[in-house]
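Me: I have a structure open that I haven't looked at before. Can you walk me through it?
Reply: Yes, ask away.

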Amino acid sequence: MERPLDIAFHNLQPSPSVEAMIRQHVDRLARRNHRLIGCRVSVEGLHRQHTTGNIAEVHITLSLPGQDLAISREPHKAKQRYVKPSVRTAVRDAFRAAERQLDAQKGKRRGGSAKPGASLPA
């Protein structure tokens, strides 16, 4: 990547373990897509819910030549999907969505179908 990784925490204490996790995910994205120029990750603590747990929202901006891809993810139905929703699950879900968007972008760039598995008309 040409630009350094930018990680920001809002309404949360910065965590070295979460930062390391984010760096691992960004490294994996950079290996998969060599056109990645820069990345900005923002982790926001939305609520202070002492009984049911805090849910974090993760915003990722991926910079590619000529465009930026924005991924914004609050874990969908986090309390139903996870026993204890955490910042780590929100980060993991956001980077999965980022990988899907990069794959779709790669398909569009090649002139193919944006959705994997879509069949061509006969």
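Me: Which residue is the bridge partner of Ile60 in β4?
Reply: Ile71 is the bridge partner of Ile60 there. This is a predicted model, so that pairing is a prediction too.

Me: And Leu62, what is its bridge partner in β4?
Reply: Leu69 pairs with Leu62.

Me: How many bridges join β3 to β4, and do they run parallel or antiparallel?
Reply: There are 7 bridges between β3 and strand β4 (residues 67-73), and the two run antiparallel.

Me: What about the turn of that hairpin, how many residues are between the strands?
Reply: The hairpin of β3 and β4 has 2 residues between its strands. Gly66 takes a positive phi there, near 85°.

Me: Then Gln67. Where is that?
Reply: Gln67 is in strand β4. It counts as partly exposed because its relative accessibility is 30%, which falls between the 20% limit for buried and the 50% limit for exposed.

Me: What is Gln67 in contact with, leaving aside its neighbours within four places in sequence?
Reply: Leu62 and Gln105.

Me: Back to β3. What is on the other side, how does β2 join it?
Reply: Strand β2 (residues 38-45) is joined to β3 by 8 bridges, and these two also run antiparallel. In this pairing, Val43 stands opposite Val58 of β3.

Me: Why is β3 described as largely enclosed?
Reply: Strand β3 covers residues 56-64, and 7 of its 9 residues are buried, so the rest of the structure largely encloses it.

Me: What does Ile60 touch, setting aside neighbours within four places in sequence?
Reply: Ile60 is in contact with Cys39, Arg40, Val41, Leu69, Ala70, Ile71, Ala94, Phe95 and Ala98.

Me: Which residues have the most contacts inside the largest nonpolar core?
Reply: Ile22, Val41, Ile60, Leu62 and Phe95 have the most contacts inside it, and the core has 26 residues. At least two core residues come from each of β1 (6-10), α1, β2, β3, β4 and α3 (87-109). The largest share is from α3, with 7 residues.

Me: Why would nonpolar side chains be buried together?
Reply: That is a general tendency of nonpolar side chains in soluble globular proteins.

Me: Okay, a polar one now. Is Ser42 buried or exposed?
Reply: Ser42 is buried, because its relative accessibility is 5%, under the 20% cut-off. Ser42 belongs to strand β2.

Me: Which side chain does the Ser42 side chain make a polar contact with?
Reply: The side chain of His10, at 3.4 Å. Beyond neighbours within four places in sequence, Ser42 is in contact with Ala8, His10, Glu57, Val58 and His59.

Me: Where does Asn11 lie?
Reply: Asn11 lies in the loop between β1 and α1. Asn11 has a positive phi of about 60°, although it is not a glycine. At 58% relative accessibility, Asn11 counts as exposed.

Me: And Arg28, which helix is that in?
Reply: Arg28 is in helix α1, which covers residues 16-32. Its relative accessibility is 35%, so Arg28 counts as partly exposed.

Me: How far is the C-alpha atom of Arg28 from that of Glu99?
Reply: The separation is 9.4 Å, while the two residues are 71 residues apart along the chain.

Me: Zooming out, how many helices and strands are there?
Reply: The protein has 3 helices and 4 strands. Along the sequence they follow the pattern β-α-β-β-β-α-α.

Me: What share of the residues count as buried?
Reply: 39% of the 122 residues. The exposed area is about 7800 Å², and carbon and sulfur atoms supply 49% of it.

Me: For contacts with a separation of 6 or more, what share is between residues 24 or more positions apart?
Reply: That share is 57%.

Me: Last thing, which element has the lowest mean pLDDT?
Reply: Helix α2 (residues 78-81) has the lowest mean pLDDT, at 52, and β1 has the highest, at 94. Across the protein the average is 79, and 72% of the residues score at least 70.

Definitions and conventions
Residues are numbered from 1 along each chain as its sequence is written. This is a predicted model: local features need pLDDT of at least 70, side-chain atom pairs count only at pLDDT 80 or more; totals for chains, interfaces and linings use all residues. Side-chain values use heavy atoms; hydrogens and water are left out. Buried means under 20% relative accessible area, exposed over 50%, partly exposed in between (1.4 Å probe, protein chains only). Two strands pair if DSSP finds at least two bridges between them. Contact means heavy atoms within 4.5 Å. Accessible areas come from the Shrake-Rupley method with a 1.4 Å probe; for residues, only the protein chains shown count as cover. A polar contact is a pair of N or O atoms within 3.5 Å; within protein, one must be able to donate a hydrogen and the other to accept it, and residues adjacent in sequence count only if both atoms are side-chain atoms. A nonpolar core is a set of buried Ala, Val, Leu, Ile, Met, Phe, Trp, Tyr and Cys residues joined through side-chain atoms within 4.5 Å. pLDDT is the predictor's confidence in each residue, from 0 to 100.
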